[in-house]
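Student: Please take one part of this model and go through it closely. Then place it in its wider setting.

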Amino acid sequence: MSATTKTRTAAEGRTPSTPAQASTAARLLGDRRLPVLVTAALFLAMYIGGLSRYQNYGFGEPQVFLNLFIDNGYLLVAAVGATFVIMSGGIDLSVGSLIGFTTMFTAWLVERQGLPLMLVIPLALGVGAFGGFLMGYVIHNFEIQPFIVTLAGLFLFRGLCLVISKESISIGDSTVSSMAQTRVSLGLGELSIGAIVALVVLAAAFYILHYTRFGRRVYAIGGNEQSALLMGLPLGGTKIAVYTVSGFCSALAGLLFMLYIQSGDPLHAVGMELDAIAAVVIGGTLLTGGSGYVLGTLFGVLVLGLIKSIIQFEGTLSSWWTKIATGVLLCAFILIQRAMTARRKT
Amino acid sequence: MSTPAVTTPSRWRALTRHHLFWPVAVLIALLLVNVPFTPDFFAIRMTDGHLYGSLVSIVLFGSPLILVAVGMTLVIATGGIDLSVGAVVAITGALTCSYISDQADQNALAGVFLAMGIGLVAAVVCGLWNGFLVARMGIQPIIATLIIMVAGRGVAQLITDGQIITINSEPYKLIGGGYWLTLPFSIFVVAAVVAVTVALTRRTALGLLVESVGGNAEASRLVGIRSRRIKIMVYMFCALCAGIAGLMISSNTSAADGNNAGLWIELDAILAVVIGGTSLLGGRFSIGGTVIGALVIQTLTTTIYTIGVPTQTNLVFKAVVVIVVCLLQSPKFRAKVFGAKGRARTTAPAEPTTPADAAPKMEVSR
């Protein structure tokens, strides 16, 4: 309670005394879009900061911006899947290992078994979606915590990678390499197929979450499971579907990652679930579920990607600063979220 | 005539109802699986004044996990979770080893103690930060501890400068790899920590307070329990346990690896706690169960090696065991699978819930 009053006085103290402006500030603080706006502003500020610092090194070129999508397309897809799960109030820890498994699975089928890529892609997506479905089924029907079930999923898929092969399989298939090298020109710069797929997935997720019945159900369940059940929403079906979507997105992210890196490795994408969850949180989705925007996730991914490229441009900074910066950002955004939810309760 | 027939099942039921029944049963089953493959599995022999044997090595290699899991139990009992323990393990090991490696005489006792002190203080500070975020700021525990989980590994790498620091210190080696009174020294450390924890939680009111905070933090605050202080204490204790485990791991290998030390130990620890029968919802805990849970996980790893399952299937095996154990512990699963038998025996109030809950599920699965 005391924290709430403090934020209010602080907000009023900052804004000039006219009541209209004070209420604008209050409305802004209570606005659910605030975290997304803050993330977008942060992204802009970082981009402008990078622009002024590394202008002579070509930071200002549009291609640097487009590279954010090319280099983080897989993360974007995985984070979109994680957004669905987190929005519904759950959590999916199996993202990273499912990505690793998909790279391994496709590499093995294409290289060792000689199957055509066009057959392998739907197969891999199907396996991913089925894995998600199974986890959702267990979570809902046996009422085991999502944390534990997806943790078992993490072990299972990472283990299956190792069962396929302990060594990495590089992919020399001509279809894969030609797909990986295809660039679509946008006038200012170019995008890879992976980046375009990621943007399509983002658009689809945006439509589904905001304009379909399923999306509403996801929000409702995340907001309050009990009320959603009492309203007659199909709780189990939606929950299972959410995990299926996450599994599908993870598998798709795995395919994009495979395209990006052109190999399958049992150690690919270790810990990527943390990146995905961090991107979702930085993007302003509440971890308790029920509130957030998939566009925020886009900005979350872009911010994480920008940290990586700034560290690359800086040159002298070591890779572990990425982790530290991610942690600090995560902390800042969690505190912002906290201030917001405390405010909304009053 | 009929009396023994009645009492035997009721005794059996009392036994199966005991909260440690399933964990112990799984542990014994796992241990017995080893016997056909290694007939002398339970043998313990004396070499050079040290005890050797599979059982000793299970406890030895399992001791960091037991420590972390015991700390985690208390955190989970308050309804929280601590994902940062792996990072805390790495930070503690990194700080201690980098301090020792800067010493002129790495065998000097004072330097080693100081180094360990620094490491443990850093661990407790991490715990204080987690506790502050959870208790004062009211942030969800999963998220609050995620911060240190992500940033902590970076910090550990920063301390070791991205290198693996190797040290050569006899006294430090004792904690994780040394022997004392024919037994590995780490067993004594674990025993001491577990004994202190059990004494503090079961012989004082502390355990009750922890459970009441986990049951309902707001209600316990209204009753007059300082629930925030309890929460902060619990996170600090968990980090301290993780710190000791970090000392053990780095001492066992005589090296600090910011990247890999304690990797995934938080997941193993949470599993150990769950297998031990502590509910993730909080409000109830069992230190004994957690110790058994941690031993189950370590035995599982050892079993995978001894029965000759290819090591790459280790994780798949683990996943399957986790799922089976969790399913066995899920009341819903038991009601469904053993429902036919259970329904006849179970008391009346349990009955209506089972079909009612099962009905919507059937629609769902279609």
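Tutor: The buried residues of helix 8 of chain B are B:F185, B:S186, B:V189, B:V190, B:V193, B:T197 and B:T201. Buried means that 20 or more other C-beta atoms, placed from the backbone, lie within 10 Å of the residue's own; exposed means 12 or fewer, and partly exposed is in between. Helices (H or I, at least four residues) and strands (E, at least two) are DSSP runs, numbered from the N terminus. The buried set covers an arc of only 150 degrees around the axis, so these residues sit on the same side of helix 8 of chain B. That arc is taken from the directions from the helix axis to the C-beta atoms. On the other side of helix 8 of chain B, the exposed residues are B:A192, B:A195, B:A199, B:R202 and B:R203.

This is a predicted model: local features need pLDDT of at least 70, side-chain atom pairs count only at pLDDT 80 or more, and totals for chains, interfaces and linings use all residues. Residues are numbered from 1 along each chain as its sequence is written, with chains lettered from A and ligands numbered from 1 in the order in which they are written.

Now the length. Helix 8 of chain B has 19 residues, 185-203, and should span 27 Å at 1.5 Å a residue; its end C-alpha atoms are 26 Å apart, which agrees. The expected span is 1.5 Å times one less than the number of residues.

Next, the partner chain. In contact with 41 residues of chain A are 37 residues of chain B. Contact means C-beta atoms, placed from the backbone, within 7 Å. Helix 6 of chain B gives the most to this side, with 11 residues.

Definitions and conventions
Two residues are in contact if their C-beta atoms, placed from the backbone, lie within 7 Å.
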